[in-house]
Amino acid sequence: MSSSAVALQDHPPAAEAAPQALTVVAHKFGGSSVADATRYRHVAGLLRARSEAVQASVVSAMKGVTDALIALAHTAADGGDWRTPWQALRTRHLNTAEELLAADAAPTTDWLTRQFDELAELLHALAVLGTPTREAVERVQGLGEVYSARLLSQHLRALGEDVAMLDAREVLVVQHGDLGVAVDWPASEARLARWREQHPAARVVITGFVARDAANRITILGRNGSDYSGAIFAALFKAQELHIWTDVDGVLSADPRLVPEAVPLAALSYHEACELAYFGAKVVHPQTMTPAISRGLPILIRNSFRPDHPGTRIAAVGDDAGPVKGLTLSPDLAVLNLEGAGMIGVPGTAERVFAALRDARVSVVMISQGSSEHSICCVVRESEAETARSALQTAFARELANAQVQSVQLIRGISVLAAVGDGMAGTPGVAARLFDSLARARVNIRAIAQGASERNISVAIASADADKALRAAHAGFWLSAQTISLGVIGPGKVGGALLQQLDAAQARLKRDTNLDLRLRAVASSHRMWLDDRGNTADWQRRLDESTIEADLDRFTAHLQAAHLPHTVIVDCSASSRVAERYAGWLAAGIHVITPNKQAGAGPLERYRAIRAAMAASGARFRYEATVGAGLPIVSTLRDLLDTGDDVFAIDGIFSGTLAWLFNRYDGSVAFSALVREAHALGYTEPDPRDDLSGTDVARKLVILAREAGRELSLDEVQVESLVPEALRDAAPDAFMARLGELDAVFAARQSAAAAAGKVLRYVARLARDGRASVGLVELDRTHAFAHLRETDNIVQFGTRRYCNNPLVVQGPGAGPEVTAAGVFADLLRVAGTLGARV
């Protein structure tokens with residue numbers, strides 16, 4: 001029986017027992033691996049360094065050559081100028097041969113010259129015909145592999161290697177059908193056996209992509225044909241492994257152009273690789289894996305630029321690295337939805353849908369049907385969407401006319417996101433994690449499909465959300481759930497101290513608690529820097545050198561990276577304008593942490609909006625450092641309320657500056673002298689009136705009152721200012737010069753208090769009846785507030801549980817380091833609610 005009469009088979013020849021000492025490995029090199037003379041030398045060195053006894057190396061055309069050849073054929077057939085690009089392609093190959101082979105180049109350059117002369121004759125014929133026949137175009141576009149194989153084999157031969165070049169058109173017999181290219185394995189195996197009898201070299205360089213059909217006409221294997229050739233010849237040579245060499249470190253968990261955190265996968269099963277490839281991942285075309293699957297041949301995806309990297313191994317069984325191995329996006333799709341009450345319980349409806357689409361030659365990418373049978377949803381290619389809709393409208397014309405089917409709806413601009421992995425089978429919560437990730441990224445799902453094998457979950461989403469959805473889903477499966485996109489506003493004293501503390505703790509937190517704090521933005525009032533790496537080091541220099549103007553919209557958009565699960569903004573400014581942003585940030589799911597009192601003590605409507613946004617989105621708003629710096633005052637009050645206690649009264653000293661002044665003031669030194677000393681020590685604001693006015697203390701009291709459930713406004717607090725009326729509008733320098741005008745008043749008050757056996761303290765009070773006041777009061781020397789140290793803050797809570805002996809919190813309540821520590825503690829509390837072990 002002639003080889004052309006042999007029935008085509010769907011599988012390669014069975015593996016035969018090979019001598020134990022024989023090791024056969026097939027290699028396939030893509031166009032980027034043989035892009036120029038330097039890359040050919042690299043490939044030759046890679047092959048020579050390997051120890052296998054027999055090497056079968058399939059090569060692609062040089063990078064870009066196949067596309068150039070196709071363009072040449074069509075340009076010639078269209079009557080265009082094909083000679084200029086032909087000459088450029090010829091020159092590129094001749095120059096590569098001369099650079100690669102040097103003194104040994106003549107035979108190869110002569111051969112290439114003849115090859116390009118024959119190509120010119122073929123292109124001239126196409127120009128005369130005026131039509132690009134399939135046979136002629138296929139003949140032209142497969143020549144790049146022939147040139148490439150010749151270059152590599154001649155280079156290896158010049159290096160002294162025992163090498164033979166195999167033109168696949170001499171051996172490989174295929175036939176094109178509805179399911180793609182089928183290999184005539186018996187005929188191809190017989191031809192290879194005869195060829196090997198004449199060419200027993202240990203190294204064989206083979207042309208990819210090209211073959212002959214049963215009528216002995218030259219043909220090609222189609223796109224991805226070179227990879228397919230690699231698998232075919234691996235089977236024909238009975239190789240133990242197939243190494244596909246490309247320009248990446250194997251198969252990645254997602255497209256790295258869209259997901260910076262994409263990671264190389266160590267292993268995949270054939271099933272996983274096929275699913276990923278079907279949904280658009282640049283893995284291996286399913287057709288390429290057919291010979292490997294039948295034979296159990298492992299495929300290794302390797303990086304020819306980094307040959308020491310192990311790459312990705314694709315075999316019958318993958319590994320248990322996780323339930324999801326990869327995420328892919330298929331763009332340019334549309335949703336076709338057939339809907340109608342008349343479909344419920346009617347047998348054969350789905351059959352009619354798919355028959356109509358089949359007859360219209362429309363491929364269905366994904367199917368989803370509700371259990372109610374009220375609708376059938378298909379995802380099709382957008383280029384075929386109108387054809388698909390017309391086919392269904394025709395097939396269901398009668399039902400549409402009598403309203404048994406309400407509509408055939410077409411939604412364009414759809415992408416399909418697929419999560420793939422063998423480990424998904426039987427693993428609870430995979431779908432929930434995917435959907436939760438998409439929900440956090442505000443991505444709406446149009447349709448869902450999951451096969452019974454549980455190896456794939458596919459969701460149809462709007463293409464406008466596709467990149468964001470891919471990043472969010474990848475974060476859900478590959479990143480720590482406690483990865484935080486962090487931005488800091490106001491890198492002054494407190495903000496700067498916080499950034500230093502973050503830098504010192506970042507590595508330890510990630511190592512010990514799995515908390516990954518990525519500082520991705522810092523903004524001052526004038527400029528900001530944005531960063532994707534999330535590194536805290538050298539933040540001050542980067543901010544100083546930044547040319548980006550401060551823009552809170554851009555700042556926020558950068559922080560809200562869909563590939564990071566959580567976003568936190570820390571506002572260390574004192575700006576009311578920034579505080580105006582809190583409600584919007586919280587509504588968008590961004591957690592806000594601040595020592596800025598403008599929100600907690602600002603307009604009541606703004607405060608209500610902040611609380612409403614928190615309730616709606618679940619985002620956290622933490623502001624411990626607004627009262628008492630690093631002291632746990634707000635959290636203690638919150639704990640009392642959350643555990644069911646009733647808070648009747650709050651008394652406190654909330655100004656470290658005023659605490660220091662009245663702890664020191666006993667009449668022996670003028671009050672003005674103490675103010676000047678506190679100013680020199682940095683205990684006061686640049687203008688001491690900001691401390692002496694009592695407004696800052698009043699704000700802190702409002703914050704605590706609101707935390708306790710009282711809707712108190714700042715203008716409702718009775719505030720005693722320690723600044724005389726005559727000095728309130730004076731220039732700062734004039735105020736400091738006239739400080740002595742305060743001395744007589746304070747001396748009199750100190751003398752009166754001492755005569756009564758009492759001390760002066762500046763106290764904030766929220767009474768049982770709701771009245772709020774801030775001012776200078778006389779207290780017994782036995783009072784808890786009478787014996788503070790330096791700048792200590794103190795608060796006492798009178799509650800139902802602590803009615804006879806109030807609960808007291810006391811400690812240092814001023815200074816950038818302790819305030820920053822309070823902010824940092826809030827950040828860790830938020831991280832703890834996200835699951836971090838802190």
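Visitor: Where is K28 found, and which residues does that strand span?

Guide: K28 is found in strand β1, made of residues 24-29, and I should add at once that the model we are looking at is a predicted one.

Visitor: Why is K28 called buried?

Guide: The name buried is kept for residues under 20% relative accessible area, and K28 has a relative accessible area of 6%, so K28 meets the condition and counts as buried.

Visitor: What is K28 in contact with, leaving aside its neighbours within four places in sequence?

Guide: Heavy atoms within 4.5 Å make a contact, and by that criterion K28 is in contact with V58, S60, S226, D227, G230, L242, H243, I244 and W245. As for the path of the chain, the C-alpha atoms of K28 and T207 are separated by 9.8 Å, although the two residues are 179 positions apart along the chain.

Visitor: What makes V210 a buried residue?

Guide: V210 lies in strand β7, residues 210-213, and its relative accessibility is 1%; because buried means under 20%, V210 counts as buried. Not counting residues up to four places away in sequence, V210 touches G142, D167, A168, R169, L172, T219 and I220, while its C-alpha atom is 9.8 Å from that of E170, a residue 40 places away in sequence.

Visitor: Why is V647 called buried?

Guide: V647, whose place is in strand β26 (residues 647-653), has a relative accessibility of 13%, and since the limit for buried is under 20%, V647 counts as buried. Beyond four places in sequence V647 touches L637, L641, R710, G798 and T799. V488 is 159 residues away from V647 in sequence, with 34 Å between the C-alpha atoms in space.

Visitor: Which strands make up the open sheet that contains β26, and in what order?

Guide: It is an open sheet of six strands with mixed pairing, in the order β27-β29-β28-β26-β30-β31.

Visitor: How do you know that β27 and β31 stand at the edges?

Guide: Each of β27 (718-719) and β31 (807-812) has a single partner strand, so one side of each is left without a neighbour in the sheet. Two strands count as paired if at least two bridges are found between them, and β27 has two bridges with β29 (residues 772-780), in the parallel sense; Q718 has S773 as its bridge partner in β29.

Visitor: What makes you say that β20 is largely enclosed?

Guide: Eight of the eight residues of β20 (residues 516-523) are buried, so the strand is largely enclosed by the rest of the structure. Strand β19 (residues 483-489) runs parallel to β20 and is joined to it by seven bridges, with L519 of β20 as the bridge partner of L486.

Visitor: Why is D538 called partly exposed?

Guide: Partly exposed is the class between under 20% and over 50%, and D538 has a relative accessibility of 42%, so it falls in that class. D538 is found in the loop between β21 (527-530) and α17 (539-545).

Visitor: What is the sign of phi in D538, and what is it in K238?

Guide: Most residues other than glycine have a negative phi. D538, a residue other than glycine, nevertheless has a positive phi, near 60°, and K238, also not a glycine, has a positive phi of about 55°. K238 has its place in the loop between α8 (225-236) and β9 (241-246).

Visitor: Which residues of helix α10 are buried?

Guide: In α10 (residues 286-295) the buried residues are Q287, T288, M289, P291, A292 and R295. Just after α10 comes G296, with a positive phi of about 70°.

Visitor: How many helices and strands are there in the chain, and why is the chain called more spread out than a compact globule?

Guide: The chain has 30 helices and 31 strands. Its radius of gyration is 38 Å, well over the 28 Å that the globule rule gives for 838 residues, so the chain is more spread out than a compact globule. Along the principal axes, the C-alpha atoms fill a box of roughly 125 × 80 × 60 Å. Buried residues make up 53% of the 838 residues, and among contacts with a separation of 6 or more, 73% join residues 24 or more positions apart.

Terms used:
Residues are numbered from 1 along each chain as its sequence is written. This is a predicted model: local features need pLDDT of at least 70, side-chain atom pairs count only at pLDDT 80 or more; totals for chains, interfaces and linings use all residues. Side-chain values use heavy atoms; hydrogens and water are left out. Helices (H or I, at least four residues) and strands (E, at least two) are DSSP runs, numbered from the N terminus. The radius of gyration is taken over C-alpha atoms; the globule rule is 2.2 Å times the number of residues to the power 0.38. Buried means under 20% relative accessible area, exposed over 50%, partly exposed in between (1.4 Å probe, protein chains only).
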